[in-house]
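I sat down with this one to look up a sheet, a helix and some aromatic pairs. These are my notes, in the order I took them.

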Amino acid sequence: MSSLTMSARFTVLHVLGILSLTCSSSGSELSVPVPISCGTRAADLPDSTQRVLCPANCTLWKMSVFGSGVYASVSSVCGAGVHSGIIGVSGGPLQIQRRQGRTNYLSSYAHGIQSQTLSRWSASFTVARATSSPMEVSSQTSSSSIPASGPVKKTVKKNLKKPPAAENRDCQVDIALLLDGSYHIGQRRFNLQKNFIGRLAAMLKVGPDGPRVGVVQASESPRTEFYLGNYSMPKDVSFALKEVTYIGGNTNTGKAILYTVRNFFNPEYGVRRGHPRIIVAFVDGWPSDNLEDAAVMARESGINVFIVSVAKPIPEEMGLVRDQDYMKKAVCKDNGFFTMSMPSWFSTNKFVKPLAQKLCSVDQLLCSKTCYNSVNLGFLIDGSSSVGDANFRLVLSLLSSIARNFDISDIGSRVGAIQFTYDQRLEFGFNEHTRKDDALRAIQNIPYMSGGTATGDAITYAVENLFQPRTMGMGKKYLVIVTDGQSYDDVRGPAIAAQRAGITVFAVGVAWAPMEDLRAMASEPKDTHTFFTREFTGLEQFEQPIVRGICRDFTESN
């Protein structure tokens, strides 16, 4: 058959396919596959199309395919089917599933097809084996496909599938999974490792608005397999993992962590602002290089490092291990939360759920503690007569509980306090109490002043006398204002000046404090930086919202 004749044949198939779509009923699940040509793109097909029939010998044609596992809609559908290994030279039916557009379609070579990279496209699709349906069209015409005459009716039994598990929106974390691709693990255990990660993605319930995962392979030199924004469903992740090829080489886990910190967590690659960032490094045996420096950089970048050790070295091998305490040094806190040990890759099912639960423990994922050990936290305390001594102690209790969440030290977070009435008094500066116990004791021992209320002047005083570069640490600046009434002076101007000086303001009001003044003092967005309660006994409820707000602002600003 000449190439011209073949081309004409494929063109006719494509036209017939489109025509059959326009005449089909809405019950597309039970429709026969629509014949298409080798070059038909997903973008050429109506959205209702779910099943298509690819002709034979598509590999003889140059088909444009963009992506791996998930393909841009400008890709040839049949080309994607061949690339994914679902159909071969003889063609056959395919099931199409539409996906949202994404960034960074990755190239790969598979089954005789070289797919191409594409930085961004508005729509995507995946392909799967077509499920059986009544009167399925084959590539051969047969008289047996003509229904027999008579009243006989064929009962059609639908294949009822369970709907896919919804994404876990309570676990909005961005995770880089570092596969061990060293010579030590070998091909067989490498495949078991990929299976484990596939099950982990399913347990996490990854999704666009849930946890996102990407994969970096650690070996002699690290290699990004796919980014956070490439695959948004567990089955897509599993499919992509099947295409990951084993590299081999030394177990340079430290080098892979550094590479991931510097190259992986980029907004262009699907990283979300304000979401916890995690590196999970799988180590078969022991690493060949040093992890400590890499882990420090990860923590300083706000990334939580988990180490999963598999098949720990036996006593006879310990002499070969470069650093026997590498797990303790790689994670930010040696408390067992950020480490996990599995005896081998052959008995891992029971470890999938515990690891997924750790990765979704969002309140504990700030163990990188950049927000906890790198802030200058100032308290501006209303000591006016309307507060009273007993209520003043409740205010100090709130501030003490907030400060207790932070790692206060001479190289960590610092705390300072000012009390105000008409006058202002610097209770202690940022460099006076650089041990947590001392700082907490200093807060609790602040004596009550009593007097009027000039909050605006107090804010100006804090900017000029508390937030001084010579007394602060290197971290960001936060001011928590607690007041119970109307200020006798303007608060808006001083608050704006404080925010222009780089100070994030949280405003806490009690009793008669006007909401208008509180919102005028608070940083944007106002709703997350403004708090109010009628009673002083209600102040304790604001501890964790304020701490989480500080950490959220810190992460977003980074």
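What follows is my list of look-ups, and I kept in mind throughout that this is a predicted model.

**Entry 1: the sheet.** I started with the strand order. I found an open sheet of six strands, running β11-β10-β9-β12-β13-β14, and its pairing is mixed. At the edges I noted β11 (223-226) and β14 (339-342), each of which pairs on one side only. Neighbouring strands here are turned by 20° against each other on average, direction ignored.

Next I checked what sits on the sheet. Helix α5 (residues 253-263) packs on it and touches β9, β10, β11, β12 (277-284) and β13 (303-310). I also wrote down the angle: the direction of α5 makes about 160° with that of β12.

**Entry 2: one strand pair in detail.** How many bridges join β9 to β10? I got seven, between residues 174-180 of β9 and residues 212-218 of β10, and the two strands run parallel. As a spot check I looked up Asp180, whose bridge partner in β10 is Ala218.

**Entry 3: helix α11.** Which residues of α11 (residues 455-465) are buried? My list reads Thr455, Gly456, Ala458, Ile459 and Ala462. Looking down the axis of α11, I see these buried residues fall within an arc of 165°, so they line one face of the helix.

Then I asked what they pack against. The buried residues of α11 meet strands β15 (375-382), β16 (414-420), β17 (424-428) and β18 (476-483), plus helices α12 (492-500) and α13 (515-521).

**Entry 4: aromatic pairs.** The structure holds 16 of them, and I picked two to write up.

The pair of Phe196 and Trp345 is edge-to-face, at 6.2 Å centre to centre with 70° between the planes. Phe196 is in helix α3 (residues 186-204) and Trp345 in the loop between β14 and α8 (349-359), so I marked this as a link between distant parts of the chain, 149 residues apart. Are these two buried or exposed? Phe196 is buried, and so is Trp345.

My second pick, Tyr422 with Tyr488, is tilted: 5.6 Å centre to centre and 50° between the planes. Tyr422 lies in the loop between β16 and β17 and Tyr488 in the loop between β18 and α12, so the pair ties together parts that are 66 residues apart in sequence. I looked up accessibility here too. Tyr422 comes out partly exposed, at 48% relative accessible area, and Tyr488 counts as exposed at 62%.

**Entry 5: a ring cluster.** Last, I noted that ring pairs link Tyr227, Phe264, Phe265 and Tyr269 into a cluster.

Note on methods
Residues numbered from 1 in each chain as written. Predicted model: local features only at pLDDT ≥ 70, side-chain atom pairs only at ≥ 80, totals over all residues. Heavy atoms only, no water. Pairing = 2+ DSSP bridges. Helix = DSSP H or I, 4+ residues; strand = E, 2+ residues; numbered from the N terminus. Axes fitted to C-alpha atoms, helices over the stretch in contact; angles between N-to-C directions. Contact = heavy atoms within 4.5 Å. Buried < 20%, exposed > 50% of the residue type's maximum accessible area, 1.4 Å probe, protein only. Arc of directions from axis to C-beta. Phe/Tyr/Trp six-rings, centres within 6.5 Å; stacked < 30°, edge-to-face > 60°.
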